[in-house]
Amino acid sequence: MKSTTTTKKKNGKATVYPPTLNYLDFSGIWKSVFPEHAGAGLRGFQEHVKKREETIPVSNEFKQPRGGYQDSVKFDSSGPPRNKQPFNKSERSFSSPVKEERRETQSYGKSFDVTSIPPKAYRNVYVSHVVSPSEFYCQVEEESTKLQVLMKSIEDTYSSLNDNEMKLYNLAVDSPCCAMFQDDEAWYRAQIKEVGPKTCNVYFIDYGNTDDVPISKIKELQREFFNLPPQAICCKSYNVSPKSGNWSDEDIDAFIEMTLEKSFVAQFVESDENGTYSVNLVSIGKLQDDVLNKEFVSLGHGRLEDASKIIAMNSHTVSSNLTFPIPVVNLGSLENVTVTFGLNPGEVFCQLKSSEKDFKKMMFEMQDYYEKVSVAEAMIDRPHPGMICVCQFSLDSVWYRGEIKKVEKNSLDVLYVDYGNKEIVDKKKIRSITQDLTLLPIQGIKCRLRGIKPPGKTWTVNNNLGQYFEGDVQCRFISKLEDSYLVDMTCNKENVAQKLVKDGLASADGPLEKQEVLPQTVKAAKPQLVTAILLKREMAFVSGQLLSVTVSFVESPFKFWCQLVDEADLLEKLMSDIESQYMNEGAHPIDAAALAPGAYCMAKYSADEAWYRARVKSCGLEKYEVVFIDYGNSEATSLDQLAAILPEFLTTPPLCFECRLARAPPKCDSNKTEEFQAAVEEAEEITAKVESAINDIYIMTLLFEKDGEEVNLSDHLFGFHEDTSTSLSAGVFIMVIMQTILLGFQF
């Protein structure tokens, strides 16, 4: 079987790109058409495949000295005197970076290594401390996870020591130490800058600020805490100076407002003899017109030192902060697809033909751009796992979108996101990606064929497997799995899974359904749900946290559900959207086969005839028990009172969470339950204090005011208990209400 490719000539050079990828020839004929795993030897299938790695989010924890490991108190940057160095930089034991060498660390003295950044290099940074526009401190966000681990270890090591343990007896200038920051009483790595009779002025090497610390609160720094280089990098704004000799308070306040505790992409233009870097800052996700240096001057603060100097930011500045949109497919839909790569007979990557036009357009634009752009302009000097890029495939020299999965000394493991295959490439073959090329969602959709499993312990590699995926291929998207979609697939009107089983290349794993063939004039069938995945909440409440809540449903004091008052507007909008989509009877029917326990759906509540989000708890002969995931109550209902849930209603996590009243017994008598129900219904405002959590159930102390007096509901129902009494009147009524409470559970 043959296919034609399009040849586009540019400056006399032919760029080969397939306008239509009709099929995947697993026998290797079309290696030049799309990027394939180089050297796999399996002709499109890989016998032993590593699972796709998940990108680890960089947390903003431990950006600066603060109170305790989980405390959210921020350091007040206004402490150090303005226009005054916290210490004499010429006396610093940090040696200047060696500009000629592209090393990341170098030794200075017997203490730490110091981070060295090549000229013109870009880094994602967090501004941890500001003295002025000519002196501020940044942390490289790529190292933030290491800093978190180090801070936790320091917390564990030093928090329980008394004043006589681990004393530092040699209080000399430039001595490394571990010092307690007075504002939050937490311990941090530091360096002594001045020694007094009772206190020492210390510099916190990971944050940039200084403090006068009592000698009793300065400890010897243990050897294991020298491994990580100091994280605070001293910076100044490139090409920007004060209008007069010193920065005014107004200038400094404006710069603090624009930068402190914010993340940026920084271009480290150059460094001076003291190791201070001149940097350009740009807000993440923005392009060259938004360079903060320019904006700061345009607002009337400072001046450009040399108006002829152009602040040299480019469209690749934000490359390391970009991500590709995740493809979304309507569950139950039937789509025409192209199979682009196979991991094994039951696991393949597909592209939707409905996106073919946009994908071709993007590919041609990408070839055109990267033929013109210089290597220096698009260079990635510090690739890291999870970073997206553009990569030149070794077999056809065409540029494709990729994601770096692993970094070796001179090579990278790159996943071609629009096709599904990987390749080990030379670092010289990658370029930073422009923002325009990230707008189209990932085209390579990972699919698992329903109803088959390996014929033996593992999948068998067969050179003729490509024929099962050549031709007119259609996919019914059944459900969303963790990293893929479960699908029924036909090729030339034959069920692929059935054919693989028939030919002995797979074994049946449950019933193999005959799949409907999509008429050419119909785009997709109406969506139906099987086991769609609801977006989970990402964070849990912490012990001692105070929340403003509404009790949404009560079984007993031992088992009830709460909603956050802070999410009331979100719930109201959700219900309004549901009403508009489900107002017409039968608009989104659901098949009984889709209603397995754990499946999400819409259910009509009998008491008010309104539709709510629900999850199936159990299935009977003609009855289904569902739990309303935003309220907590359950109900038995029939099939005609259920509907398929649309994908847009799976993007909001459950808006209630299960709770247990502090000291409530597992079996409460009906009188206590009625008393509890009446109390929470009567209370105008309820504050919940999180005591602990057990398997995503939150043990709560509930507090409210009645007749001008504070009521602790646990004390009211089960008698006074001093340890759980919490005062609202003593100032703690200023509640910590999270703006984005994200819990890690599902019903």
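Helix α2, residues 249-259, has a buried set made up of Asp251, Ile252, Ala254, Phe255, Ile256, Met258 and Thr259. The model is predicted, and what follows describes that model. In an α-helix there are 3.6 residues to a turn, so residues three or four places apart point the same way. The buried residues of α2 pack against several strands, namely β5 (121-132), β6 (135-140), β12, β14 (263-271) and β15 (277-283). They also pack against another helix, α3 (292-298). After α2 comes Glu261, which has a positive phi near 60 degrees.

Strand β12, one of the packing partners of α2, spans residues 233-237 and is separated from β13 (240-241) by a loop that holds Asn239. Asn239 is not a glycine, yet its phi is positive, near 65 degrees. Most residues other than glycine have a negative phi. Asn239 counts as buried because its relative accessibility is 3%, and buried means under 20%.

A further positive phi is found in the loop between β39 (697-706) and β40 (709-712), where Asp707 lies. The phi of Asp707 is near 55 degrees, and this residue too is something other than glycine. What is the relative accessible area of Asp707, and is the residue buried or exposed? The value is 75%, so Asp707 is exposed.

The surface also carries a patch of negative charge, formed by Glu684, Glu685, Glu705 and Glu710. Glu684 is placed in the loop that runs between helix α8 (670-682) and strand β38 (686-694). With a relative accessible area of 80%, Glu684 is exposed. Patch residues must have over 30% relative accessible area, so the 80% of Glu684 satisfies that condition. Two other members of the patch can be placed by the strand limits: Glu705 falls within the range of β39 (697-706), and Glu710 within that of β40 (709-712).

These local features belong to a protein chain with 9 helices and 40 strands. The chain has 747 residues, and 50% of them are buried. Contacts between residues at least 6 apart in sequence include many that span long stretches of chain: 67% of them join residues at least 24 apart. The accessible surface of the protein chain comes to about 35300 Å², and carbon and sulfur atoms account for 49% of that area.

Conventions
Residues numbered from 1 in each chain as written. Predicted model: local features only at pLDDT ≥ 70, side-chain atom pairs only at ≥ 80, totals over all residues. Heavy atoms only, no water. Patch = residues over 30% accessible without salt bridge, like charges linked within 9 Å, V, L, I, M, F, W, Y side chains within 5 Å. Areas by Shrake-Rupley, 256 points an atom, 1.4 Å probe, with all protein chains shown as cover. Salt bridge = Lys/Arg side-chain N within 4 Å of Asp/Glu carboxyl O. Lys, Arg positive; Asp, Glu negative; His and termini not counted. Charge placed at Lys NZ, Arg CZ, Asp CG, Glu CD. Helix = DSSP H or I, 4+ residues; strand = E, 2+ residues; numbered from the N terminus. Buried < 20%, exposed > 50% of the residue type's maximum accessible area, 1.4 Å probe, protein only. Contact = heavy atoms within 4.5 Å.
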